[in-house]
Amino acid sequence: MREETRNWISNGDKDLGTAGFALNSVDDPLPVTTGLHCQKAVENYLRAYLLEKAISFSNEHNLNSLFEACVSFDKSLGALRTDIDQLKGYSIASRYPKAEDSLKFRQDAIATAKRVKAFVLGKLA
């Protein structure tokens, strides 16, 4: 695996760690941070996949375009479509007042990001 690919994976792991920290924060849960960092983590895992497969991608934060680039290369990644759609929802919902901020909402965001990570890393193994 390329070093730059490992760097993208590491960045994703840091975002996932930040999401976990936000979920378990002592003062108050940070729903905005949880959802946003879950999405960012998955963007980084998808970038790692694209880089390793030598597929060009944009550096903009667009989960959908990164995902579609992956699926166009490997149709089996389409199995993640529901997870990707959920992550978009977590990130968007968390940016607005009165957004869903239940513990279940945040836990689901992290679980979704972990499923995507496992699937993508399995493809890179």
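Helices here are DSSP runs of H or I with at least four residues, numbered from the N terminus. On that basis Glu-43 lies in helix α2, which covers residues 31-52. The model discussed in this report is a predicted one.

## Overall make-up

The protein has five helices and zero strands, and from the N terminus on its elements run α-α-α-α-α. Of its 125 residues, 41% count as buried. The accessible surface comes to about 6600 Å², and carbon and sulfur atoms account for 53% of that area. Among the contacts in the protein with a separation of 6 or more, 65% are accounted for by residues that stand 24 or more positions apart.

## The packing of α1 against α5

Two packed helices are described by the angle between their axes and the distance between the axes. Helix α1, made of residues 3-23, packs with helix α5, made of residues 103-124, at an angle of about 165°, and the two axes are 10 Å apart. Because angles over 145 degrees count as roughly antiparallel, α1 is roughly antiparallel to α5. The crossing in which α1 passes α5 is left-handed.

On the α1 side, the contact is made by Thr-5, Ile-9, Asp-13, Leu-16, Ala-19, Gly-20 and Leu-23. On the α5 side, the contributing residues are Leu-103, Arg-106, Gln-107, Ile-110, Ala-113, Lys-114, Lys-117, Leu-121 and Leu-124. Taken by class, the residues of this contact divide into nine nonpolar, three polar and four charged.

Leu-124, one of the α5 residues in that contact, also touches residues outside α1. Leaving aside residues up to four places away in sequence, Leu-124 touches Met-1, Thr-5 and Ile-9, and in addition Ala-48, Tyr-49, Glu-52 and Lys-53. The C-alpha atoms of Leu-124 and Tyr-49 are separated by 6.8 Å, although these residues are 75 residues apart along the chain. With a relative accessibility of 13%, Leu-124 counts as buried.

## Residues of helix α2

Which residues does Glu-43 of helix α2 touch, not counting those up to four places away in sequence? They are His-61, Asn-62, Leu-63 and Leu-66. Glu-43 counts as buried because its relative accessibility is 2%, and the cut-off for burial is under 20%.

Asn-44 also has its place in helix α2, and at 7% relative accessibility this residue counts as buried. Once neighbours within four places in sequence are left aside, Asn-44 is in contact with Trp-8, Asn-11, Gly-12 and Asp-15. The C-alpha atoms of Asn-44 and Leu-66 are 9.4 Å apart in space, for a sequence separation of 22 residues; Leu-66 is also one of the residues touched by Glu-43.

His-37 is placed in helix α2 and is buried, with a relative accessible area of 15%. Not counting residues up to four places away in sequence, His-37 touches Asp-15, Leu-16, Thr-18 and Ala-19. Of these, Leu-16 and Ala-19 are listed among the α1 residues that make the contact with α5, while Asp-15 is listed among the contacts of Asn-44.

## From α2 onward

Ala-54 lies in the loop between α2 and α3. At 59% relative accessibility, Ala-54 counts as exposed, and its phi is near 60°, a positive value in a residue other than glycine.

Glu-68 has its place in helix α3, and its relative accessibility of 33% makes it partly exposed. Gly-78 is found in the loop between α3 and α4 and is likewise partly exposed, with a relative accessible area of 24%. Apart from residues up to four places away in sequence, Gly-78 touches Phe-67 and Val-71.

Glu-68 appears in two of the C-alpha separations gathered below, which are given with the distance along the chain.

| Pair | Apart in sequence | C-alpha to C-alpha |
|---|---|---|
| Leu-124 and Tyr-49 | 75 residues | 6.8 Å |
| Gly-78 and Glu-68 | 10 residues | 8.5 Å |
| Asn-44 and Leu-66 | 22 residues | 9.4 Å |
| Glu-68 and Leu-46 | 22 residues | 9.9 Å |

How values were computed:
Residues are numbered from 1 along each chain as its sequence is written. This is a predicted model: local features need pLDDT of at least 70, side-chain atom pairs count only at pLDDT 80 or more; totals for chains, interfaces and linings use all residues. Side-chain values use heavy atoms; hydrogens and water are left out. Helices (H or I, at least four residues) and strands (E, at least two) are DSSP runs, numbered from the N terminus. Buried means under 20% relative accessible area, exposed over 50%, partly exposed in between (1.4 Å probe, protein chains only). Contact means heavy atoms within 4.5 Å. Axes are lines fitted to C-alpha atoms, for helices over the stretch in contact, and angles run from 0 to 180 degrees between N-to-C directions. Angles under 35 degrees count as roughly parallel, over 145 as roughly antiparallel, 65 to 115 as roughly perpendicular and the rest as oblique. A crossing is left-handed if the near helix is turned anticlockwise from the far one by less than a right angle, and right-handed if clockwise. Ala, Val, Leu, Ile, Met, Phe, Trp, Tyr, Cys and Pro count as nonpolar, Asp, Glu, Lys and Arg as charged, and the others, Gly among them, as polar. Accessible areas come from the Shrake-Rupley method with a 1.4 Å probe; for residues, only the protein chains shown count as cover.
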